[in-house]
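Welcome! Here is a short briefing to help you find your way around a structure you have not met before. Take a look at it first, and then read on.

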Amino acid sequence: MTQKVAVLGTGKIGEALLSGMIRAGWNPADLLVTSRRQERAEELRTRYGVTPVTNPEAAKTADTLILTVKPQDMGTLLDELAPHVPADRLVISGAAGIPTAYFEERLAPDTPVVRVMTNTPALVDEAMSVISAGTHATAGHLAHTEEIFGAVGKTLRVPESQQDACTALSGSGPAYFFYLVEAMTDAGILLGLPRDKAHDLIVQSAIGAATMLRDSGEHPVKLRENVTSPAGTTINAIRELENHGVRAALIAALEAARDRSRALASGNNS
C-alpha cells in the first residue's frame, strides 16, 4: 500500500485505527500521526513505528487525512489545516454530528470529504463504522475509507441523512449494552450471586446471543420466542420489562441521542 494516511488527534479510536491498519498490512512508514502532546506522539512512534508530524505537515504530505478530534475542537483544527490542504486530499471525519458540508465550506473547492461514525469496539476489531459520502467524494474514496475502517471491524454505507440515526444506534450503542450489563449484574447480586460470577454469566450470554443474531439470519422475535416457553421464567421476566416500559424507554433514549447529534450539527455544543 503506497498511499500515506495521517491520523490527526490520535486518541483511543485513532490509535485503534493505526493498530488495525498495521495488522491489515499497511506499512508503518506510510502512516503519520499528530497529537497535541509531543510525548503522546513519541509514544505512538515507539509503539507502532509511525511518524509524528504537525497538522500542517500532515496536510501537505498525506494522501488521506483522518480527523479524529472531538467535535468542539474541529473548527480550530480546520482553521489550522485549511491553508495547507490541496483539493485532491481525501478528508475523513470521525466527529459526531458534523456534516460533510461543514468541511467542504472551510476547505479548498471540490475537496472530497467522507463522514464516518465508528464506535469503541474498534479497540477490539469489532467496530461498526457507518460511512457517508460528501458532495465531491467518489466511489473510489468510499472504497478507500472502507479499506481503512474495515481493518477494525465492519463497515456500512448510508446516505448522510441517516448518520444521526446511526450515531444513536451504533455510535452510542455500546454504552447502552454496558448499561444493561451493569443493571443485570446488580440484579444477579440481588439474587444471591457473587459479582464476578454474575458478570461472567451475563457477558457470555450477551456474546452468544449476539453471535446467534449475526449468524442465524433469524429475526430477533423468533430467537426470543425460542427461549420463551409458556408460563415459564422468561415470559414472566419479559412481562415485567413491558410493564416497566423498557421498550418505550429505549426508543425515547435513541431519539434523544439522535436529537443531540442534530444539535451538534447545528453548532449547539451546550
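The points below go from the whole chain to its annotated domains, and then to some residues.

This is a predicted model. The chain holds 12 helices and 8 strands, and its C-alpha atoms fill a box of roughly 65 × 40 × 35 Å along the principal axes. UniProt lists a catalytic N-terminal domain at residues 4-97 and a dimerisation domain at residues 160-263.

**The chain as a whole**

- Of the 270 residues in the chain, 37% are buried.
- The accessible surface comes to about 14800 Å², and carbon and sulfur atoms account for 58% of that area.
- Among contacts between residues at least 6 apart in sequence, 62% join residues at least 24 apart.
- The chain carries 25 positive and 31 negative charges, and the mean positions of these two sets are 3 Å apart.
- A search of the whole structure turns up 19 salt bridges.

**Two domains from the UniProt record**

- The unreviewed UniProt entry gives residues 4-97 as "domain: Pyrroline-5-carboxylate reductase catalytic N-terminal".
- This span, residues 4-97, is 40% helix and 19% strand, with its end C-alpha atoms 27 Å apart.
- The same record, again as an unreviewed entry, places "domain: Pyrroline-5-carboxylate reductase dimerisation" at residues 160-263.
- Residues 160-263 are 83% helix and 0% strand, and the C-alpha atoms at the two ends of this span lie 15 Å apart.

**Salt bridges around helix H2**

- Side chains of opposite charge can pair when their charged atoms come close.
- Glu-15 and Arg-47 form a salt bridge, with N and O 2.5 Å apart. This pair links distant parts of the chain, as Glu-15 sits in helix H1 (residues 12-23) and Arg-47 in helix H2 (residues 38-48), 32 residues apart.
- Are the two partners buried or exposed? Glu-15 is buried at a relative accessible area of 13%, while Arg-47 is partly exposed at 47%.
- Glu-43 and Arg-40 also meet in a salt bridge, at 2.9 Å from N to O. They are 3 residues apart in helix H2, so about one helical turn separates them.
- In that pair, Glu-43 is partly exposed at 33% relative accessibility, whereas Arg-40 is buried at 10%.
- Arg-45 and Glu-42 make a further salt bridge, their closest N and O atoms being 3.0 Å apart. Here too the partners are 3 residues apart in helix H2, or about one helical turn.
- Arg-45 has a relative accessibility of 37% and counts as partly exposed, and Glu-42 is partly exposed at 30%.
- Salt bridges with shared partners join Glu-15, Arg-40, Glu-43 and Arg-47 into one network.

**Tyr-48 in helix H2**

- Tyr-48 belongs to helix H2 and has a relative accessibility of 19%; it counts as buried because the cut-off is under 20%.
- Which residues does Tyr-48 contact, leaving aside its neighbours within four places in sequence? They are Glu-15, Ser-19, Ile-22 and Pro-28.
- One of these contacts, Ser-19, is 29 residues from Tyr-48 in sequence, yet their C-alpha atoms are 7.3 Å apart in space.

**Helix H7 and its packing**

- Helix H7 covers residues 163-171, and its buried residues include Gln-163, Asp-164, Cys-166, Thr-167, Ala-168 and Ser-170.
- What do the buried residues of H7 pack against? Their partners are strand E6 (113-117), strand E7 (127-133), helix H8 (173-190) and helix H12 (246-265).

**Ser-129 in strand E7**

- Ser-129 lies in strand E7, and this residue is buried with a relative accessible area of 0%.
- Not counting residues up to four places away in sequence, Ser-129 touches Val-116, Met-117, Thr-118, Phe-149, Lys-154, Thr-155 and Leu-156.

Conventions
Residues numbered from 1 in each chain as written. Predicted model: local features only at pLDDT ≥ 70, side-chain atom pairs only at ≥ 80, totals over all residues. Heavy atoms only, no water. UniProt positions renumbered as here; feature names shortened; annotations may be inferred. Helix = DSSP H or I, 4+ residues; strand = E, 2+ residues; numbered from the N terminus. Salt bridge = Lys/Arg side-chain N within 4 Å of Asp/Glu carboxyl O. Buried < 20%, exposed > 50% of the residue type's maximum accessible area, 1.4 Å probe, protein only. Contact = heavy atoms within 4.5 Å. Areas by Shrake-Rupley, 256 points an atom, 1.4 Å probe, with all protein chains shown as cover. Lys, Arg positive; Asp, Glu negative; His and termini not counted. Charge placed at Lys NZ, Arg CZ, Asp CG, Glu CD.
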